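Hello,

Here is the structure I promised to pass on to you. Have a look at it first, and then read on for my notes on what turned up.

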Amino acid sequence: MSKANYSSVSEFVFLGLSPSRPVQDFLLAFSTVCYGTIVLGNLLVVFAVIFDPHLHSPMYFLLANLSFIDLCLSTLTVPKMISDLCSGCKTISFQGCVFQIFVLHILGESEMVLLTAMALDRYVAICKPLHYLTIMSPRMCLLLLRGAWAIGLLHAVVQVAFVVHLPFCGPNEIDGFYYTYRMEFMVTANSGFITMGTFFLLIVSYVFILVTVWKRSSGGLCKALSTLSAHISVVILFFGPCIFVYMWPFPTVPVEKFLAILDFMITPLLNPAIYTLRNKDMKMAVRRLCSQLLSWQKIS
């Protein structure tokens with residue numbers, strides 16, 4: 001491919017989720033409500049953990065960072081889609097595409113590592129409760145968080161380096177609402193192996209936790225399963241679409257669009273609900289935070 005043809009591609013055009021105007025109007029209302037709820041729900045979790053002394057523990061520290069990453073993942077794509085649906089201008093520059101890919105890989109890989117850290121936290125809390133505060137010290141929590149972001153950054157640099165200098169063969173129309181690219185085999189295999197490896201590592205850790213608890217006391221198995229259920233639900237929501245994308249041999253555009261909505265709107269919406277509704281401490285903290293906000297509003 002000539003250099004002239006390569007340099008001529010300066011922007012891409014999003015075809016969106018549907019060409020039908022009534023469907024677009026519905027998607028505009030749906031995505032606006034979803035994004036508003038995502039921002040509200042995840043910020044409530046973050047601020048509840050920051051301002052409530054009862055939640056100053058390793059589990060809630062990691063949970064707050066998970067909510068922050070979910071909020072960033074949704075913000076990366078959904079506001080752009082809402083803006084495109086409102087204005088009708090559905091273009092993005094080549095540099096914007098590269099930036100979107102880069103940040104998407106940082107956030108996605110960081111969330112994988114963070115979910116692994118949360119599984120480690122649950123293992124120590126259930127299997128080594130007497131050593132929990134010693135092992136999961138504030139220093140260890142910060143180390144896990146820094147490691148998650150460092151691994152995410154390294155992963156993004158490696159992934160984007162494979163494709164950013166390759167000539168683009170067109171067309172410049174993207175059938176979706178965010179930039180996806182057909183990656184080279186090595187990049188696809190790399191992401192697929194990392195995703196599958198992390199998912200199976202988490203599943204093995206859950207099985208090990210439950211077997212350990214069952215050997216100690218069969219009555220404690222139900223309690224351990226109840227403790228892990230929220231985390232397992234979040235893991236399935238996050239890894240399910242990723243695994244389907246990499247493992248399904250016959251991808252279709254409607255399926256990919258559905259998975260994109262699941263990744264960027266449904267999962268960030270459900271994660272704070274799952275953790276809040278199944279956790280008494282979190283529910284009480286959110287209520288206290290809402291009461292404080294209402295009292296401040298009355299005073300002002």
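Phe-199, Phe-200, Phe-238 and Phe-239 are joined by ring pairs into a cluster. Please keep in mind that this is a predicted model. Across the structure there are six aromatic pairs. In the pair formed by Phe-199 and Phe-200, the ring centres are 5.8 Å apart and the planes meet at 65°, so this pair is edge-to-face. The two rings are not covered to a like degree: Phe-199 is buried, with a relative accessible area of 16%, whereas Phe-200 is partly exposed at 47%.

Phe-239 is a good place to go on from the cluster. Leaving aside residues up to four places away in sequence, Phe-239 touches Met-112, Leu-115, Thr-195, Thr-198, Phe-199 and Leu-202. Phe-239 also turns up in the largest nonpolar core, which has 61 residues; Leu-66, Leu-115, Phe-239 and Met-282 are the ones that touch the most other members. The elements that give two or more residues to this core are helices H2 (21–51), H3 (58–87), H4 (94–127), H6 (138–163), H7 (185–216), H8 (220–247), H9 (253–277) and H10 (280–299). Which helix gives the most to this core? That is H3, with twelve residues.

Since H3 stands out there, here are two of its leucines. Leu-62 lies in helix H3 and is buried, at 0% relative accessibility. Its C-alpha atom is separated by 7.2 Å from that of Leu-114, although the two residues are 52 apart along the chain. Not counting residues up to four places away in sequence, Leu-62 touches Leu-114, Ala-117, Met-118 and Asp-121.

The second one, Leu-76, is also in helix H3. Leu-76 has 13% relative accessibility and counts as buried, because the cut-off for buried is under 20%. Leu-76 and Leu-104 are 28 residues apart in sequence, and their C-alpha atoms are 7.6 Å apart in space. With residues up to four places away in sequence again left out, the contacts of Leu-76 are Gln-100, Val-103 and Leu-104.

Two residues further along the chain are worth a look on your screen too. Ile-243 is in helix H8 and counts as buried at 16% relative accessibility. Between Ile-243 and Met-196 there are 6.7 Å from C-alpha to C-alpha, with 47 residues separating them in sequence. Leu-259 sits in helix H9 and is buried, with a relative accessible area of 9%. The C-alpha atoms of Leu-259 and Cys-242 are separated by 8.4 Å, and these residues are 17 apart along the chain.

As a bench biochemist you may well ask about the cysteines. How many disulfides does a search of the whole structure find? The number is zero. Cys-86 and Cys-141 sit in quite unlike surroundings: Cys-86 is exposed, with a relative accessible area of 55%, while Cys-141 is buried at 4%.

Now for the chain as a whole. The protein chain has ten helices and three strands. Starting at the N terminus, the order of its elements is α-β-α-α-β-α-α-α-β-α-α-α-α. Of its 300 residues, 43% count as buried. The protein chain exposes about 16,300 Å², and carbon and sulfur atoms supply 72% of that area. Among contacts between residues at least 6 apart in sequence, 84% join residues at least 24 apart.

Finally, a word on the database record. An unreviewed UniProt entry places the feature "transmembrane region" at residues 26–51, 58–78, 98–120, 141–168, 188–213, 225–246 and 258–277. I looked at two of these spans in the model. Residues 58–78 are 100% helix and 0% strand, and the C-alpha atoms at the two ends lie 30 Å apart. Residues 98–120 are likewise 100% helix and 0% strand, with 33 Å between the end C-alpha atoms.

Do write back if you would like to go through any of this together.

Best wishes

Technical notes. Residues numbered from 1 in each chain as written. Predicted model: local features only at pLDDT ≥ 70, side-chain atom pairs only at ≥ 80, totals over all residues. Heavy atoms only, no water. Helix = DSSP H or I, 4+ residues; strand = E, 2+ residues; numbered from the N terminus. Buried < 20%, exposed > 50% of the residue type's maximum accessible area, 1.4 Å probe, protein only. Contact = heavy atoms within 4.5 Å. Areas by Shrake-Rupley, 256 points an atom, 1.4 Å probe, with all protein chains shown as cover. Disulfide = S-S within 2.5 Å. Phe/Tyr/Trp six-rings, centres within 6.5 Å; stacked < 30°, edge-to-face > 60°. UniProt positions renumbered as here; feature names shortened; annotations may be inferred. Core = buried A, V, L, I, M, F, W, Y, C linked by side-chain atoms within 4.5 Å.
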